[in-house]
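Please read the following points with the coordinates open beside you. They concern a predicted model, and they take up strand pairing before turning to the nonpolar interior.

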Amino acid sequence: MLHGSTTAIDSPQSIALRPFDPDRPLRRMLMVYPEFHPTYWGMQYSMEMIKRKSLMPPLGLLTIAAMTPESFEIRVVDLNCRELTDVDIAWADLVLFSSMLAQRSQLFSAARRCRAASKLVVFGGPYPTACPDECRAECDVMVLNEGEITWPIFLKDLAAGTLQRVYTSQEKPDLTNTPCPRFDLVNMSEYVVVPVQFSRGCPFMCEFCDIIVMFGRKPRTKTPAQVLAELDALLAAGYRGRVFIVDDNFIGNKAAVARLLPEIKRWNDAHGNPFSYGTEASLDLAEHPDLLQGMVEAGFIFTFLGVETPSEESLKETRKVQNISKFPLLERIRTIQSSGLIVYGGFIIGFDHDTEDIFDRQIEFIKAASIANAMIGPILALPGTGSVPLIVEN
């Protein structure tokens, strides 16, 4: 069954909704973000020291909330900040979950509670999109891929009482139409940083990366005006502190970034520099001194780099071509650091070309590079990785 020209629904049968009062339609949306087990990004062991409950709020749910008509009542419960109560569940007409793979067990546990209470349970986000077969039995509906495409169709069918089991699309939305997230739905004082997104997609072809599977290899961006409007919203909500631009590769579209950075600098100067910034970028940032200077002048203080390994054989094996250069890895990391940015790094162990000394080599490299915070993990083959075309999309 097709809705429009691009969005396919994989089951032609509508699901059976529980009986409800026609004078009180399904209008109360409880948006739930599952708890993380201790992870690098969760940084749970440091939260108590800095008097925060979680690293950052669920940007995906806040963005979906912004795409939802005002006729719906919305509450957000982040299980990294507090428990999901029976009162929360009783209030809701439908419960919406967004999750990543690391939240799998907590997602299923919370969803089962909600389904036991006869609530309509909807899954979305990176994990259900990547692994729908694992999630299908744990929910009533899945709204997959990018919400700008699939969420409006779900809302239309919800209103008509003709919900389908799965909403999915390979269409890539224009981010210039994405609304400002509903930052008002969370208590930002509970978080270490607040996330903002500028772009989706990455031009590179690392075979272990699922970002290009989900978002494609042609980076799409918001406009500078959109980003500044989101900073305005954060400021109006009373937030001051660190803003994390969550793009998987902030410099994937270098021309767009070059236009954005002076606008952020002007905004900072005009508002008394209430925020500092961090992001994720590819290592070729070292070869663009104009972008490095622009980031520092705009208030960026750190960047996370996918370094992966000091083994050039393993980089070649996995098509991580942007990390292979006439300039050594250490030299490029030090170039970025000397510009004024702190470097955090991601590292992978378990490539086919790794030898038994890789553990010592990784440790020695991280020390030599003065990586302030290192994420080290084994290689994991995520669904769809290794199958992305080598050509960049038009």
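1. Strand 14 and strand 15 (residues 342-349) run alongside each other in the parallel sense, and six bridges join the pair. Within this pairing, Phe302 is found opposite Ile342 of strand 15.

2. Strand 14 also has strand 13 (residues 275-281) as a partner, again in the parallel sense, here over five bridges. Thr279 has Thr303 of strand 14 as its bridge partner, and the chain passes from strand 13 through helix 11 (residues 289-297) to strand 14 in a β-α-β crossover that is right-handed.

3. Why can strand 14 (residues 300-308) be called largely enclosed by the rest of the structure? The description holds because eight of the nine residues in strand 14 are buried, that is, under 20% relative accessible area.

4. The largest nonpolar core contains 83 residues, and those touching the most other members are Met29, Phe154, Leu234, Phe250 and Phe300. Helix 10 (residues 254-270) supplies the largest share of this core, namely six residues. A second core, separate from that one, has 24 residues, among them Leu30, Val32, Ala92 and Phe123. As general background, nonpolar side chains in soluble globular proteins tend to be buried together.

5. Which residues does Leu234 contact once its neighbours within four places in sequence are left aside? The contacts of Leu234 are then Phe183, Met188, Val194, Val196, Tyr239, Val243 and Phe275, and a colleague checking the core could begin from Leu234, since listed among the residues that touch the most other members.

Note on methods: Residues numbered from 1 in each chain as written. Predicted model: local features only at pLDDT ≥ 70, side-chain atom pairs only at ≥ 80, totals over all residues. Heavy atoms only, no water. Core = buried A, V, L, I, M, F, W, Y, C linked by side-chain atoms within 4.5 Å. Buried < 20%, exposed > 50% of the residue type's maximum accessible area, 1.4 Å probe, protein only. Helix = DSSP H or I, 4+ residues; strand = E, 2+ residues; numbered from the N terminus. Contact = heavy atoms within 4.5 Å. Pairing = 2+ DSSP bridges. Right-handed = clockwise from strand over helix to strand, strands pointing away.
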